[in-house]
Every structure is written in structure tokens, then in C-alpha cells.
Amino acid sequence: MLLKDKVIIISGIGPGMGIKLALRAAEYQAKAVVLAARTQSMLDEAEQAIRDAGHSSETLKVSTDISQPEQCQRLAELTIAKFGRIDALINSAYAHGTWGSSSNSSMDDWRKVMEVNLYGSMNMTQAVVPQMKKQKDGSIVMINTMATRRPNQLEAGYAVSKGALKTAVQYLAEDLGPFGIRVNSTYNGWMWGAPVKGYFQAEAKRQGVSMESLVDVIAQQIPLRNEIPDDADCASAALYLASDYARVVTGAQLDVSGGHYLPH
């Protein structure tokens, strides 16, 4: 299977993409799935979901705030102590920040978002790199966003932080390539799952319209099947980059949006 015998760290375990990454990694027969998030209850829920699905992957739960370098280092050390290696890191943790345009957003809010999305992702990356260098092998996948491709003014701060991460990936890929470490990104658009469903429900109530009508407006903009991609399928794309099937792929920017953004 895709991740057989691999030890995978996933940051940002939450009700959407994070838990789907964990479930799919276990489904793809990872030796171990290391779960990281600030909230212990989310880690417990993800572990239980893996067990309920009948998967045999070992798990390790570590409460981690990726904006704190020492917590990232502890996560890496605990993983090595229990499993002896780190094959892949999926940097899924993020902070969205306050909705607002680029001209009127609070720069204090932008700094807080940058602290997680750029510096936090780099904290996690730097924590796992020494072990990957020893192994002369490893994969790091950054979960990025279509908001860096198609500007959405209400997500300005979030997109800017992810744009900085995009540049960091290019430098990391070149820097770490000689050690056999690959660094890639997925650029997700709309993903159907608990968070997006909650957004549509709230918007439908606020506007006094049906949720289905709002979903359809977005779906019609997505060429592939005219539907919002499922977050589990988006998780699979990230895990492909973590796998040996992508062993000659580094510095890649994989759009995972059903064609909502088409590069040209």
C-alpha cells in the first residue's frame, strides 16, 4: 500500500482535513501515525476513528502548539524514541485569522497568522530534518491554499502567510534535496467536510436561503464533476506526495481543487 511501514507525523489534527489525513494514512498501511494538535480531545477523537475503522497502524498522540519550537522538538524526539525514524511530515496545522481585506486588516492579526502558518510550519520542519538527514530520506508536505492562486480579499492575511510558505518550500526543496529529503505542497480549494458544511449552514441561515443553493453556486465553478471535492480525497493527494510514488518529486505545487484553479 501507499505508505506501508512508514512513520508519518501529521500536525493540525482537527475536524476537517487533519483527521482525514490521519484516517487515510492508516488506511494506506502506515506503520505509525503520529497525531499532533493543541487540543487533546481532537487527538483522542482521531485515534478512536482509526481504531473504529479497523486499521492496525500504531498511533502516538502529542499535544503540540507548532508556534512553540520546543514543543515541535519534543514531538520529533518522542516519535524517534518510539518508532526509531520519521518518514514523512504533513504540515496541516494552520491559523486562518480574522476575515478582512488587505487594505484594512490588522497587522497584529497578520503577525499571529504568520506565527503559525509560516514560522510554525518551519518549526516543525526544522524539528524533523536532523532525523531525515540521518536516514538520507524523508518527505515534507505543506498544506497550502488556493487563496494564494485566486485572490479572495477576505482571506488576505491567511493567503499572504501561505504565500510566504510557498517561497519557503522552494528554498527547502533545494536545500534538502542533496540529503534525499523531498519538500512539496498541495494547494487546496473548497473541501467538503465538517468545517465547510458548517460554513454553508451558517451562511444559509444568515441569508435566509437553502444551503444547497449556496453549495451549487460554488460547485458550478469547479469543472471536475461540478462538485466540491471531498476532504478525504484532498488528503489522499497530500499522502501521495509523502509516498515513494513521488520519490523523484520535490518543490512541486500540486493543485487539489477539482480544477477550480487551472494553472496557465
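Let me start with helices H3 (residues 69-83) and H4 (residues 107-135), whose axes come within 8 Å and cross at roughly 35°, where an axis is a line fitted to C-alpha atoms, for helices over the stretch in contact, and angles run from 0 to 180 degrees between N-to-C directions. Helices and strands here are DSSP runs numbered from the N terminus, helices being H or I runs of at least four residues and strands E runs of at least two. The crossing of H3 and H4 is right-handed, the convention being that the near helix is turned clockwise from the far one by less than a right angle, with anticlockwise called left-handed. Across this crossing, Pro69, Cys72, Gln73, Leu75, Ala76 and Ile80 of H3 meet Asn123, Met124, Ala127 and Gln131 of H4, contact meaning heavy atoms within 4.5 Å.

I should say at once that this is a predicted model, in which local features need pLDDT of at least 70 and side-chain atom pairs count only at pLDDT 80 or more, while totals for chains, interfaces and linings use all residues. Residues are numbered from 1 along each chain as its sequence is written, and side-chain values use heavy atoms, with hydrogens and water left out.

H4 has a second partner, helix H5 (156-176). The axes of H4 and H5 also come within 8 Å, and they cross at roughly 20°, so H4 is roughly parallel to H5, a label that covers angles under 35 degrees, with over 145 counted as roughly antiparallel, 65 to 115 as roughly perpendicular and the rest as oblique. H4 passes H5 in a right-handed crossing, and the residues that meet there include Trp110, Leu118 and Val129 from H4 and Tyr158, Leu165 and Leu172 from H5.

What does H4 give to the largest nonpolar core? That core has 34 residues, and those with the most contacts inside it are Ile9, Met124, Val128 and Ile140. Among the elements that each supply at least two residues are strands S1, S2, S3, S5 and S6, together with H3, H4 and H5, and the largest share, nine residues, comes from H4. By core I mean a set of buried Ala, Val, Leu, Ile, Met, Phe, Trp, Tyr and Cys residues joined through side-chain atoms within 4.5 Å, where buried is under 20% relative accessible area, exposed over 50% and partly exposed in between, with a 1.4 Å probe and protein chains only. Leaving aside neighbours within four places in sequence, Met124 is in contact with Ile9, Ile66, Cys72, Leu75, Leu89 and Asn91. Apart from this core lies another, of 33 residues, among them Ala30, Leu35, Cys234 and Leu241.

Turning to the sheet, seven strands form an open arrangement in the order S3-S2-S1-S4-S5-S6-S7, with parallel pairing, two strands being paired if DSSP finds at least two bridges between them. S3 and S7 (253-256) are the edge strands, each pairing on one side only, and the twist averages 20° from one strand to the next. Strand S4 (residues 88-91) pairs with S5 over four bridges, and Leu89 has Ile140 of S5 as its bridge partner. Helix H2 (residues 40-52) lies across S2 and S3, running at about 170° to S3.

Finally, the loop between H7 (211-219) and H8 (231-242) holds Leu224, which is partly exposed at 46% relative accessible area, and Arg225, which is exposed at 61% and has a positive phi of about 65° although it is not a glycine.
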